[in-house]
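Trainee: Could we go through this protein together, one piece at a time? I would like to learn how to read its strands and helices.

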Amino acid sequence: MAQIAVTVCLAAPAATALAQEPPAAPQQAAARGIDYSVKVDAPGPLDDLLEENLDLVRWQGNPRLDLDQLQRLVKAAPEQAKILIATEGYYSPKVSAGLDTSGAKPVARITVDPGQPVLVGDVDLVLKGFEPVGADSRPYDSADLRNHWGLPVGRRFRQADWEGAKRNLLRQVMMARYPRAQLAESSAIVAPDMHRALLKVVLDSGPEARFGELHVEGLKRYSRTIVSNLNRIRPGQEYNEAALQAYQARLQDTGYFSTVEVSADMSAALSEDIDAMGDDQKAIPRPPVANPAILPVLVRVTENKQKNVDVGLGYSTNTGARAQLSYDDLDVLGLRMKSNLITEQKRQTARADFYFPTTEKGYSDSFGAGFERTDLRGEVTNVATVAGRRAWGSPLLERSLTLEYLSERRLVEGIETRRSNSVPLTFSWTKRALDNLVLPTRGYVLNAQFGGAVLPLLTDQRFLRASTRFINYRPLGPSTNLIVRGEAGVLGSSHKAGVPSTFLFRAGGDQSVRGYGYQELGVREGDAIVGGRYLLVGSVEYQYWFKPPWGVAFFYDAGNAADKISDLKPESGYGIGARWRSPVGPINVDLAYGQALKKARLHFSLGFTF
């Protein structure tokens, strides 16, 4: 039985033993390179692999290439192709190559029969170390580690998958408890005649690690408590890379720092490794340890300037052209101030908020005031607000409690101007379970809000309000996704008059029912469309990524708002859209047809609303 032992990574296709220069030219080189084409007949992805990496293809158009040199490239092509094809798991291919010079333009033809692929026959995963250290240390879940091995028995043995499986295995261990783990040995023995590969990986855990004390570098103007109060990592806690990343994200979100780096300080551990090296610089086996390694948490920050002014212009298919002026001050009597002035075609706002540093228990408190004017569908509202808010949790589970005072002036053409005051208290809960918070492809987000104004203090009309929003991402294949979205709301009050319009419901727009204008679906009052007591919206979208990050989407939306459940008759919109996964989130351009309006509308949006 013929066997091939593979103990290191096979060369990537571009690094195989290909000619680095064209074949030696005759003494009289052609003044002009020969013009030829290459036809590759190979199944599936092998076609692209060969067309991208064969010397025969790479030297097309070279002015130094003559007919003799082309013939030598054709002769060398089968051996090159076999090396490339082996990286895809085919170790016994039949490859033929020929040059057809009967036409005006020579044609080099490569024909490939890959044969039967080599499959993984056995995986020997050897774990060294991983012994619990200390009375409070739990056993390592080696079964879970083996279950997540990326190249199981029966899978085609591809070189890229083999290297990826080893990297992912090591990464999984290094992310929790054992940051100094390493691959002590790896080998793949391939038996081409039996179409089997026998894999062996020896993984050395290294010493178990625990977090130590917090060290902070880079602070000059701002208080250390801004950094320390956001630290959820306690001395003695098991090392976990996800905890470091979450801490870094919390610090970045404060706005106090232009750069943030949170890491475990391994300088002492690295010094031990250097001391353990012999004179010949070869690593000696690691001795067993009686105590876990203690790794201090190191935070390096670069502070943002205290005051910042931003001016911006933009456009939204919901609210039209926009101009914005923002002013931030990171230290106003120890508080952070954020203010902005925004003017849009359909809405104008002015607001200022003050944020206290996050407490040791993780509470983020703020207060602020603002004014907003909107002119939508024949209804003009002017709302002044003063609010206090407490938020806590993480981006994965976020909660907040808001108490505010609203004074609203509402004008509908042809109807008497109405004024209302209200002091509502609102609780918001958001759960995120996504594979990526910026560019999600799998998982869901669920938001629920409940609140109201139930006391007669400064309140013209008491009410209760509940709403929920949901979005689910489900991959259907390597290039397709299904997105399901829903939204519902209900308002309970003896009368709708006196309830601020911001607590009523409308539908329509980029993130609601496409094919209709922003908040175009609601309750008709005179010549205007106003908010209703009930809301129900649903959406289904199918995405196909034909050339990531570019994709196309097909969608169907339906929904409406009404004052009675019996009047809650959904209006539908459907259409096609373009998608681009940009670094800041998915950018969507949709052409939607509103069934009730009998016309199409263009929508543009970035990301998703929550």
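Mentor: Here are some questions and answers on two sheets and one residue, all from a predicted model.

Trainee: Let's begin with the sheet that holds β2, β3 and β4. Which of its strands stand at the edges?

Mentor: The order in this open sheet is β2-β4-β3, with mixed pairing. An edge strand has a single partner, so one side of it is left without a neighbour in the sheet. That description fits β2 (37-41) and β3 (94-100).

Trainee: How many bridges join β3 to β4, and do they run parallel or antiparallel?

Mentor: Strand β4 covers residues 107-113. As one example of how these strands line up, G98 stands opposite R109 in β4. β3 and β4 run antiparallel, and the number of bridges joining them is seven.

Trainee: Which helix lies across β3 and β4, and at what angle does it run to β3?

Mentor: Look for the helix made of residues 67-86, which is α3. Helix α3 lies across both β3 and β4. Its angle to β3 is about 165 degrees.

Trainee: Now to the sheet with β8, β9 and β10. Which strands are at the edges there?

Mentor: Read the order of this open sheet, β8-β10-β9, where the pairing is again mixed. The edge strands each have a single partner strand, so one side of each lacks a neighbour in the sheet. They are β8 (209-217) and β9 (257-264).

Trainee: By how many degrees are neighbouring strands of this sheet turned against each other on average?

Mentor: Direction is ignored for this value. The average turn between neighbouring strands is 15 degrees.

Trainee: Which residue of β10 does R210 stand opposite?

Mentor: β8 and β10 (residues 293-303) run parallel and are joined by seven bridges. Across from R210, in β10, you will find I294.

Trainee: Let's finish with N560 in strand β26. Is N560 buried or exposed?

Mentor: Strand β26 spans residues 550-562, and N560 lies in it. The relative accessible area of N560 is 9%. Buried means under 20%, so N560 counts as buried.

Trainee: Which residue has its backbone oxygen 2.9 Å from a polar atom of the N560 side chain?

Mentor: Leaving aside neighbours within four places in sequence, N560 is in contact with several residues, including L521, Y534, L568, K569 and P570. The backbone oxygen that lies 2.9 Å from a polar side-chain atom of N560 belongs to K569.

Note on methods
Residues are numbered from 1 along each chain as its sequence is written. This is a predicted model: local features need pLDDT of at least 70, side-chain atom pairs count only at pLDDT 80 or more; totals for chains, interfaces and linings use all residues. Side-chain values use heavy atoms; hydrogens and water are left out. Two strands pair if DSSP finds at least two bridges between them. Helices (H or I, at least four residues) and strands (E, at least two) are DSSP runs, numbered from the N terminus. Axes are lines fitted to C-alpha atoms, for helices over the stretch in contact, and angles run from 0 to 180 degrees between N-to-C directions. Contact means heavy atoms within 4.5 Å. Buried means under 20% relative accessible area, exposed over 50%, partly exposed in between (1.4 Å probe, protein chains only). A polar contact is a pair of N or O atoms within 3.5 Å; within protein, one must be able to donate a hydrogen and the other to accept it, and residues adjacent in sequence count only if both atoms are side-chain atoms.
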